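Please open the structure in a viewer and follow the stops below in order. Each stop names a selection and then states what is found there.

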Amino acid sequence: MRAARFAIALSLVVVGLTGARGQSPPQPATVTLYEGARLIAGDGGSPIEDSAFLVERGRFVRVGRRGEVQAPLTAARVDLTGKTVIPALVDGHSHIGYMKHLTSGAANYTRENILDHMRRFAYYGVAASHAMGSDFGEMPFQLRDEILAGKHPDAARFLTAGRGLSPLSEISPDNMRQAAFPVTTPEGARAAVQELVPRRVRLVKTWVDDRGGAVKKLTPDLYGAIIEEAHKNGLRVAVHATDLRDAKDLLRAGIDVFAHMIADVDDELVALFKQHPNTSVLSALGGPHRAVYAPWLNPVHPLIIETVLPDQIKRLQGRFPQTDPEQRARSQAAWDRLARGISRLSAAGVKIGVGTDGGGQQGDQFIGWTMHAELENMVMAGIPPAKVLVAATRTSAEILGQDDLGLVAAGKSADFVVLDANPLENITNTRKISSVYLRGTRVNREKLRASFGS
Ligand SMILES: [Zn+2]
């Protein structure tokens, strides 16, 4: 009797303390034990068969085998026997808020459209997606902070590099780089980085690409100033650069993240990555591969039917895969080069995360779906499924500086996906989604699905 009274008193004290700290939004103090699933924790280790994990106040608190994880008698229990659990996925590179049905452009860029995209990501089991330099104004930062504070429980985390930093020649009214800071001098580059600092971006985005000789690309003195100023302020820099020579110069200049795969990986590039072990690559294989491989368009995968309107699907079917033999051969060659390169970098131990480059100006990439297509692309390029899952969870989270995400482990945010089949056997099993949990709460996918049709 005395012990029981003591326990009640203690729990009141705990509740009182948490409330006083006021760090997180109010949540029901429920504890839930999830039992029986095969657990792929995201750390690259063997899966835990017949696992159990305890979730309290939106976080994993204990993770292990069924029978070995202690839970309070009052804990709710969810039986996941026969299912596989993975951490919710993390997309390191996307362009959010531009696409809307058949159109794509700055006119669509509203708070409502960004939220719609983040709900689509949630539907697909993606915990966070990082917009790479296509955001503008103060609204995206406000919305990011609202979502991170838990105010939109059915939305994935919207992360943003804010405005990218681009040479004038890259900016035109009909592309997303209209959002970017034009960079013409080292002083101007530093000032642009300074504008991003108080907005708490983690990655600064820039472009170094002559677009096949069509534009003047950012020069080394300018990207050098961007990198130096970012590092001075504790920020990191992600670059769009696919040319081998540029990639080598950027590695020497201290670049942190490549937002795309680099063409024609050679020994010197691998050696430079080994000298810069903290520099990572985001995959972004979707664009090149879709041109030659898109079986999910014929027949259309059910997940796409659930989230995309028919005329948008039809438009992409008309475009991909390519049928013109010459164009197709060129696309196949481009894909083969990228695939060889990424599997070589992966085998050499280079840190590889997943970026989808979804939502881009072509307007034909389906938000959320691109993540699952990308996982298949990486496996087809020769990276084993277990490694691909680590790339899409822990490593992507690490690249984005999101310590809370990417792992099913004690202390992390309880963001996970329950699958009907094992993705280690076939990576396309990540599409067999039974349920999605963000911050410990089950996403109402039925309700979301109903909203996608409008
Ligand atoms: Zn991009």
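**Two packed helices**

Begin by selecting helices H2 and H3, where Arg111, Ile114, Leu115 and Met118 of H2 meet Met139, Leu143, Glu146 and Ile147 of H3. This is a predicted model. Helix H2 covers residues 111-123 and helix H3 covers residues 139-148; their axes come within 11 Å and cross at roughly 40°. H2 and H3 are therefore oblique to each other, and their crossing is right-handed.

**Methionine 118 and the cores**

Next, keep methionine 118 selected and display its surroundings. Beyond its neighbours within four places in sequence, methionine 118 is in contact with Ile96, Ser129, Ile147, Asp154, Ala155, Ala156, Arg157 and Phe158. Met118 is also one of the residues with the most contacts inside the largest nonpolar core, which has 116 residues; Leu165, Val204, Phe258, Phe273 and Leu345 are the others named there. A second, separate core has 14 residues, including Leu39, Val55, Ala414 and Phe416. In soluble globular proteins, nonpolar side chains tend to be buried together.

**The open sheet**

Now select strands E7, E10 and E11. In that order they form an open sheet of three strands with parallel pairing. Which strands stand at the edges? Strand E7 (89-94) and strand E11 (157-160) do, each with a single partner strand, so one side of each lacks a neighbour in the sheet. On average, neighbouring strands of this sheet are turned by 20° against each other, direction ignored.

Focus on E7 and strand E10 (residues 126-131), which pair in the parallel sense over four bridges. Valine 90 has alanine 128 in E10 as its bridge partner. Restore H2 to the view: this helix packs on the sheet, touching E7, E10 and E11, and its direction makes about 140° with that of E10. Then add helix H12 (residues 369-380), which also packs on the sheet; H12 touches E7 and E10, and its direction makes about 95° with that of E7.

**The hairpin**

Finally, select strand E3 (residues 51-56). Is this strand largely enclosed or left open? Five of its six residues are buried, so E3 is largely enclosed by the rest of the structure.

Add strand E1 (residues 31-35), which runs antiparallel to E3 and is joined to E3 by five bridges. Leucine 33 stands opposite leucine 54 in E3. Then show strand E4 (residues 59-65), which pairs with E3 in the antiparallel sense over six bridges; here glutamate 56 has arginine 59 in E4 as its bridge partner. E3 and E4 form a hairpin with two residues between them, and arginine 57 in the turn has a positive phi of about 50°.

Key
Residues are numbered from 1 along each chain as its sequence is written. This is a predicted model: local features need pLDDT of at least 70, side-chain atom pairs count only at pLDDT 80 or more; totals for chains, interfaces and linings use all residues. Side-chain values use heavy atoms; hydrogens and water are left out. Buried means under 20% relative accessible area, exposed over 50%, partly exposed in between (1.4 Å probe, protein chains only). Two strands pair if DSSP finds at least two bridges between them. A nonpolar core is a set of buried Ala, Val, Leu, Ile, Met, Phe, Trp, Tyr and Cys residues joined through side-chain atoms within 4.5 Å. Contact means heavy atoms within 4.5 Å. Axes are lines fitted to C-alpha atoms, for helices over the stretch in contact, and angles run from 0 to 180 degrees between N-to-C directions. Angles under 35 degrees count as roughly parallel, over 145 as roughly antiparallel, 65 to 115 as roughly perpendicular and the rest as oblique. A crossing is left-handed if the near helix is turned anticlockwise from the far one by less than a right angle, and right-handed if clockwise.
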